[in-house]
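The following points are offered as a colleague's note on the model shown below. Comments are grouped by region.

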Amino acid sequence: MLYLLPHLVTQHSARLWLCARGVDRTQLGSICLRVNGIDVPVPVKDWQGFPPKSSASWQPTGAMPLHYQFIDKGALKSDRRYEASASLNDGEPVQARFETLPEQLGDETRPLRVLLSSCYFTGNKRSRLASSLFSQLDRNGLRSHLRIWAGDQVYLDAPWYEFAIKSHSVAELEQRHCSTYARTWFADQGLKTVLAQGANVFCTDDHELWNNAPHPSATARDTSDSTKRKAWQAMARALGQTFQGDTANGQRFRVPPLDFFVLDTRVNRGECCDRLFSETQWRQLRAWAGEPQGLGVLVLGQPIFEGASKRRGDFGDYRLADYERDYVELMDLLGRSTRSTAVLTGDLHFSRIAWSSFPAGGKERRVTELISSPLSLVAGGQLLSLFGGWVAAPAKASLPARHPFNGTTLHTEAALRSSAEGTMLLEFYRRGQRVFCTVSQWRLDDLDASRPSFRQDYFLGISS
């Protein structure tokens with residue numbers, strides 16, 4: 001069986017994920033890929049396998065053998081729709097669609113549409129409604145240019161009672177984790193049809209590993225054993241790289257004046273609350289934050305407008321602010337930047353809009369945070385949530401006294417107080433140098449209504 005879906009798509013290129021499951025390696029050379037009917041090379045030497053042949057922490061049993069590769073198709077035209085197909089010999093082709101990005105951000109009649117989602121659990125029967133909701137948006141003329149998946153696309157540690165009460169062998173962990181990805185990526189009741197219908201940008205978070213990874217967790221009993229914890233982490237990272245791509249390094253792309261940067265805060269995190277990012281990520285982040293032109297759009301797996309966790313230990317889920325040194329520098333980069341920033345994130349099992357304003361040389365500079373969560377609530381999610389429900393952003397961040405953010409006040413949109421399952425549609429547009437975003441929340445409960453539960457325009461900043 002073949003699977004084809006677009007990852008990051010820019011103005012003139014598309015990264016396509018091609019996966020062969022249940023196909024003998026000797027047949028891989030017979031797989032054909034076409035974009036708009038034109039053949040695209042599929043190099044035999046570039047096929048990678050899952051599971052990996054060897055690992056220092058885990059001996060794979062081959063619970064879900066497959067081959068995959070990422071293929072970069074260039075020489076595309078901007079702001080165009082493309083059809084891709086893959087086939088083995090004369091078999092029925094699999095299809096995927098995507099739309100290249102526009103060269104520039106348009107006005108409100110030609111916005112850049114982005115779907116922001118996080119936290120998707122296939123064990124929830126309502127998860128099957130997600131594909132219907134995305135299809136409804138397409139039918140309503142709201143087809144997105146790209147979908148941003150801001151973390152917890154899978155829950156490898158769920159349902160909670162399976163992992164909090166029981167322990168597993170390493171082989172059993174491999175079987176369960178592979179089954180979770182298979183249900184999400186390959187099953188019609190998962191995201192199979194959704195992922196194939198447009199560009200996808202992935203940023204992972206803890207449930208691509210386990211709650212509060214890389215720290216041991218009481219809700220994932222196996223992680224208390226250091227040997228099994230290392231094995232779990234190795235297989236989870238291998239699965240994440242296979243399906244979602246290697247998020248260990250940042251991804252940057254532009255639709256001027258918007259300057260996107262996808263920054264995974266989980267995969268390089270240290271166990272001692274001493275590190276959020278690798279040195280490579282820091283170099284990328286500083287270069288992006290130091291750009292004087294445009295308006296920054298930062299994609300993270302956890303919110304920035306949160307204080308340090310009140311609960312530490314095996315039941316906690318450390319926030320960015322718990323990594324004090326890196327959090328302070330991250331916020332300093334945003335607070336001292338010469339341009340405004342929009343932060344797109346998830347994680348909290350509720351949706352929220354908050355912002356902070358800075359005076360800067362006679363023009364207002366903003367940092368706006370948009371949270372969209374959950375798409376499909378994890379079993380026990382309300383019970384186990386450390387937050388208990390929707391909460392406003394704190395009036396002040398957990399930062400040193402002279403930090404730039406302590407000279408401002410955080411404002412929270414009172415009209416959006418939602419813990420409902422769904423997605424957030426962001427329509428970015430410009431009026432001259434002023435950049436705006438129309439934010440719409442589309443809940444799974446809105447399928448019958450065929451309209452969003454919330455819709456409002458926000459000023460994001462002035463692009464220089």
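1. The side chain of R365 has a polar atom 3.4 Å from the backbone oxygen of L334. A polar atom of the R365 side chain also lies 2.8 Å from the backbone oxygen of G335. These distances come from a predicted model. R365 itself is placed in strand β17, which spans residues 363-371.

2. How far away is the nearest side chain of opposite charge to R365? It belongs to D332, at 9.5 Å, and R365 has no salt bridge although it is buried. The polar contacts to the backbone oxygens of L334 and G335 should be read alongside that absence.

3. S337 belongs to the loop between α7 (324-336) and β15 (341-345). Is S337 buried or exposed? Its relative accessibility is 6%, so S337 counts as buried, the cut-off for that class being under 20%. Leaving aside residues up to four places away in sequence, S337 touches A289 and R365. A polar atom of the S337 side chain is 3.2 Å from the backbone nitrogen of R339.

4. R339 also appears in a network of salt bridges, where it is linked with R252, R254, D259 and E291. R339 thus enters the description through its backbone nitrogen at S337 and through this network.

5. Strand β15 is mostly covered, with five of its five residues buried. T341, V343 and T345 point one way from the strand, while A342 and L344 point the other way. On one pairing, β15 runs parallel to β14 (residues 295-299), to which four bridges join it; G296 has T341 as its bridge partner in β15. A further parallel pairing, over five bridges, connects β15 with β17, and there T345 has I371 as its bridge partner.

6. A separate open sheet consists of four strands in the order β4-β3-β7-β8, with antiparallel pairing. Its edge strands, each pairing on one side only, are β4 (38-40) and β8 (94-99). Neighbouring strands are turned by 30 degrees against each other on average, direction ignored. Within this sheet, β3 (residues 31-35) pairs with β4 over three bridges in the antiparallel sense, and R34 has D39 as its bridge partner in β4.

7. The whole structure contains 31 salt bridges. One of them joins R431 and E108, whose closest N and O atoms are 3.3 Å apart. This pair links distant parts of the chain: R431 is in strand β19 (residues 422-431) and E108 is in the loop between β8 and β9 (112-117), 323 residues apart. Both partners are partly exposed, R431 with a relative accessible area of 44% and E108 at 40% relative accessibility.

8. R126 and D445 form another salt bridge, with 3.0 Å between the closest N and O atoms. R126 lies in the loop between β9 and α1 (129-139) and D445 in the loop between β20 (434-443) and β21 (454-462), so the salt bridge ties together parts that are 319 residues apart in sequence. Relative accessibility is 29% for R126, which counts as partly exposed, and 48% for D445, which counts as partly exposed too.

9. E306 and R319 meet through their side chains in a salt bridge of 3.8 Å, N to O. Each of these residues is in the loop between β14 and α7, and they are 13 residues apart. Both E306 and R319 are buried, whereas R431 is partly exposed.

How values were computed: Residues are numbered from 1 along each chain as its sequence is written. This is a predicted model: local features need pLDDT of at least 70, side-chain atom pairs count only at pLDDT 80 or more; totals for chains, interfaces and linings use all residues. Side-chain values use heavy atoms; hydrogens and water are left out. Helices (H or I, at least four residues) and strands (E, at least two) are DSSP runs, numbered from the N terminus. Buried means under 20% relative accessible area, exposed over 50%, partly exposed in between (1.4 Å probe, protein chains only). A polar contact is a pair of N or O atoms within 3.5 Å; within protein, one must be able to donate a hydrogen and the other to accept it, and residues adjacent in sequence count only if both atoms are side-chain atoms. Contact means heavy atoms within 4.5 Å. Two strands pair if DSSP finds at least two bridges between them. Axes are lines fitted to C-alpha atoms, for helices over the stretch in contact, and angles run from 0 to 180 degrees between N-to-C directions. Lys and Arg count as positive and Asp and Glu as negative; His and the chain ends are not counted. A salt bridge is a side-chain nitrogen of Lys or Arg within 4 Å of a carboxyl oxygen of Asp or Glu.
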